[in-house]
Amino acid sequence: MSQAPTARKTIETLLQEHRHFQPPASFAAQANARDPSIYERADQDHEAWWASWAEKLHWDRKWDQVLHWDLPFARWFVGGKLNASVQCLDRHVQAGLGTRVAFHWEGEPGDARTLTYAHMLEGACRVANGLRALGIRKGDRVTLYMPMVPELAMAMHGCARIGAIFSVVFAGFSATSLKDRIQDQQARLVLCADGCWRRGKLLDLKTVVDEAVAECPSVERVVVWRRGAGAATASRKQARDLEWSAAFDHQPATCAPESMDAEDPLYILYTSGTTGKPKGILHTTGGYLTAAYATSNLVFDLKPETDVFWCTADIGWVTGHSYVVFGPMANGVTQVMYEGAPNHPNPDRFWELVARHKVSIFYTAPTAIRAFMKWGDEWPAKHDLSSLRLLGTVGEPINPEAWVWYLHHIGRERCPIVDTWWQTETGSILITPLPGITRTLPGSATRPFPGVGAALVDEQGNEVQGAGGGYLVLTRPWPSMLRGIWGDNERYHKTYWSRFPGRYFAGDGCKRDEEGNYWLLGRVDDVMNVAGHRLSTMEIESALVDHPAVAEAAVVGVPHDLKGQTPVGFVLLRAGHQPTPTLAQDLIEHVAKLIGGLARPERVIFAAELPKTRSGKIMRRLLRDVAEGKALGDTTTLADPKVVEELKQMYEEKES
Ligand code: WTA
C-alpha cells in the first residue's frame with residue numbers, strides 16, 4: 001500500500017503514542033452525549049438511530065421509509081418533505097429566538113457586524129424573492145463566489161428556500177477553475193462579491209468572475225455584493241451585472257419556503273479527485289441536514305443557549321457548509337465569522353476574537369495549529385481564553401506535538417479535543433471522539449460516530465480484524481453521504497464503489513490499535529492534502545503541461561512543516577526551452593493562475609526523463625522518494641532505472 005508522505009513520516013511516532021486523556025469529569029457530567037451505550041444502540045439499528053435525529057427537524061411531511069439502499073444509490077427519509085432554510089432559520093425565530101445572535105462577524109480591517117437569527121431569516125427571504133424575480137426556479141443552479149461574509153450564508157439559505165441548487169466556489173480559486181465549475185453545472189446565475197480583505201490587501205474578485213463568465217453562456221446574470229470600504233476593482237459593469245442592493249434589498253422580508261423532497265439536491269461542491277477534472281459532489285436535503293445536525297450536537301456538544309461556536313473554515317469548503325452554515329445553524333447556536341487572515345495585523349487575531357466574543361467551542365485545522373506554534377506561545381498567552389471549553393480539528397492527520405500544543409496553549413489543559421475525520425463526500429463527521437465519553441489520544445480520530453460502519457481492508461479487500469492497518473472503507477450507508485457526482489454516475493460508481501465492491505472506498509490509509517482507535521494516515525491515491533485543502537496531482541500536472549514550454553510533468557506531494565504536504569513538480573521541457581530559474585518561477589505562477597494560489601508548487605525540478613514503468617505509467621512513488629531524499633523503493637518495474645538516479649542528483653543539487 002502506498003501511503004502519503006506525511007503519513008509515512010509520522011507513522012513511527014504515532015505508534016509509540018501512548019498518552020491519553022480522559023474527558024474532564026465536569027465536562028462529562030454536562031455533555032450532550034454521556035451514555036456510552038449509544039454506540040451499541042445505534043449499531044443494532046442504525047436506521048432507527050438516524051430517524052431519531054431526523055425527528056428533531058421540522059418536516060412538512062414525514063417520511064415513509066428511513067432508507068432505500070440500492071447500492072451505490074441511497075435514498076434517506078423517502079417520501080419526507082422539508083426545507084433546509086426552515087430548519088436553520090424559521091424554527092428558531094418561531095420559537096421566539098429571533099433576537100439570538102447568529103453571527104458575530106468581523107472584517108479583516110476591523111469593521112464588525114452582529115446579525116441575529118431574525119436578520120438572517122430576513123436576508124435569506126430577500127435573496128429568495130430576488131432570485132425568483134430573476135426567474136430562478138427549483139432545480140436551477142446558482143454559483144456563489146464570495147468571501148466570508150454573512151451574505152454568503154444568507155445566499156445559501158436563500159437558494160435552499162426556493163430549491164435552487166447552489167454551488168459555492170472558494171474565492172481563492174482562479175478564473176479558470178471558476179469557469180470549469182460554472183460550465184459543469186450550467187449555472188444560470190452567479191452571486192459574487194466585488195472584493196475581500198486578505199492580509200491587509202483588498203483582493204479583486206469581480207475581475208476573476210468577469211474573466212470566468214466570459215466563457216459561460218449559461219450565465220444570465222451576475223449579482224455583485226459590495227464589500228464596501230471603496231472596494232475598487234478593475235472590472236467594469238457589464239450589461240448582465242446587477243447590484244446586490246438592487247436585486248435583493250427591496251424584496252419582501254418573508255418568503256414561503258418550497259417544500260422539498262428529502263432527496264432533492266441541496267448543493268454541489270467540487271473537490272479534487274485522481275483525474276484532472278474536479279468532481280461535483282452532490283448532497284441532498286433530508287439526510288444531509290439530519291447528520292449535520294446530529295454531529296454538530298454530539299461532537300461539538302452544542303448548548304445553543306450559552307455557547308459561542310467558531311469554526312474557522314472558509315465556507316468555500318465542505319467544513320464551512322456543514323459546520324458553519326447548516327449544522328450549527330440547525331442547532332440555533334451563536335457563531336463567530338471572520339473574513340481575513342489569522343495573523344493580520346498580528347498573530348493573535350484569533351485569540352483576540354476568542355476573548356472578545358467569549359468563544360466556547362473552537363474548530364480549526366492542524367495546518368493552522370502548526371502555524372500558531374511557529375508564531376510563538378506568547379500570542380495566545382496574552383489573551384483570556386477561559387471561555388473555551390472544547391476544541392476540534394479537521395482536514396488532515398494531526399501530528400501529536402501539534403495536538404498536545406493545542407491542549408496546553410489553547411485548551412489550557414481543560415478542554416477536550418475532538419479530532420474529526422470526514423470528507424466532502426461524507427457530508428458530516430464520521431470518525432471522531434464524543435467529548436464527554438471518549439478517552440482521546442493525540443493523533444487519533446478515535447472511533448466511528450454512532451451508527452457509522454467503518455472497516456479496514458487489505459489490497460485484496462479482505463477485512464482486517466482487530467489491530468492492524470489497511471484501506472479505510474465504510475460498510476453501510478449514512479444519511480449525509482454524497483448521492484453522486486454531478487452529471488457522472490459512472491465516475492461515482494467507479495471512484496467510490498468499485499475498488500472494494502459493496503463498500504465505500506475513502507482513499508485514506510488507516511491503522512487501528514488494540515483498543516479499536518482509528519489512526520488516519522493520509523491519502524493513498526493521487527490526491528494530496530495541502531494546508532488542509534485537497535488537490536489532485538493530475539490537476540496540477542495538467543496545469544503545468546498547459547504551459548507552452550512543458551512537454552511532460554509529474555507532480556508529487558512532499559512533507560511540509562506547516563502545510564502538511566506541498567506540491568513539487570518534475571518537468572520535462574520541450575525542445576528549444578532552457579531550464580532557467582525564471583522559467584521555473586513562470587511555471588509556478590502558471591499553476592497559480594490556472595488553479596489558484598493554493599495549488600502553487602513549492603518548486604519545479606527540470607528533468608531529462610521521468611521514471612516510467614514499462615507500460616509507460618509515471619512512477620510517482622519513486623519521485624516522492626526522490627523528493628523526500630529517501631532510499632529508493634523497488635525500481636524493478638522501471639523501464640530505465642538510470643532515470644531515477646539522475647533525478648535524485650538533480651534534486652539534491654537544487655537542495656544544496
Ligand atoms: C483528510 C475535509 C486525518 C483525509 C472535511 C480525507 C483527515 C480528506 C481528517 C478529506 C482527520 C480530513 N484526520 N485526515 N481528522 N479530516 N482528513 O474533502 O485524507 O476537503 O480523505 O474534507 O482530508 O478532505 P475534504
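**Close-up 1. The end of helix H14 in this predicted model, where Gly 376 sits just after the helix with a positive phi of about 115 degrees.** Helix H14 itself spans residues 366-375, and 7 of its 10 residues are buried, so the rest of the structure largely encloses it. Those buried positions are Pro 366, Thr 367, Ala 368, Ile 369, Arg 370, Ala 371 and Phe 372. What do the buried residues of H14 pack against? Two helices, H13 (349-357) and H16 (400-410), are among the partners. Strands E18 (361-364), E19 (390-394) and E29 (564-573) join them in packing against the buried residues of H14.

**Close-up 2. Polar contacts to the ligand.** Look for Thr 420 here: one of its backbone N or O atoms lies 2.7 Å from a nitrogen atom of the ligand. Gly 395 also uses a backbone N or O atom, this one 3.1 Å from a ligand nitrogen. With Thr 424 it's the side chain that takes part, placing a polar atom 2.6 Å from an oxygen atom of the ligand. On its own the ligand has 530 Å² of accessible area, and the protein covers 96% of that.

**Close-up 3. The shell around the ligand, a set of 17 residues.** The closest of them are Asp 419, Thr 420, Thr 424, Asp 508 and Arg 523. How do the shell residues divide into nonpolar, polar and charged? There are 6 nonpolar, 6 polar and 5 charged. Domain 1 (38-419) and domain 2 (523-655) each supply at least three residues to this shell.

**Close-up 4. A pair of cis peptide bonds, each leading into a proline.** Leu 71 and Pro 72 are joined by one of them, with omega at about 0 degrees. Pro 72 belongs to the loop between strands E1 (65-70) and E2 (73-78). The other runs from His 344 to Pro 345, and its omega is near -5 degrees. Pro 345 sits in the loop that separates strand E17 (334-338) from H13.

**Close-up 5. Positive phi without a glycine, at Arg 199 and Ala 531.** Phi of Arg 199 is near 50 degrees, and you'll find this residue in the loop between strands E9 (195-198) and E10 (201-204). Arg 199 is partly exposed, its relative accessible area being 47%. Ala 531 has a phi of about 50 degrees and lies in the loop between strands E26 (527-530) and E27 (533-536). Ala 531 is partly exposed too, at 23% relative accessible area.

Definitions and conventions:
Residues are numbered from 1 along each chain as its sequence is written. This is a predicted model: local features need pLDDT of at least 70, side-chain atom pairs count only at pLDDT 80 or more; totals for chains, interfaces and linings use all residues. Side-chain values use heavy atoms; hydrogens and water are left out. Buried means under 20% relative accessible area, exposed over 50%, partly exposed in between (1.4 Å probe, protein chains only). Helices (H or I, at least four residues) and strands (E, at least two) are DSSP runs, numbered from the N terminus. Contact means heavy atoms within 4.5 Å. A residue is near a molecule or strand if one of its heavy atoms lies within 4 Å of it. A polar contact is a pair of N or O atoms within 3.5 Å; within protein, one must be able to donate a hydrogen and the other to accept it, and residues adjacent in sequence count only if both atoms are side-chain atoms. Accessible areas come from the Shrake-Rupley method with a 1.4 Å probe; for residues, only the protein chains shown count as cover. Ala, Val, Leu, Ile, Met, Phe, Trp, Tyr, Cys and Pro count as nonpolar, Asp, Glu, Lys and Arg as charged, and the others, Gly among them, as polar. Domain bounds come from an automatic or database domain assignment.
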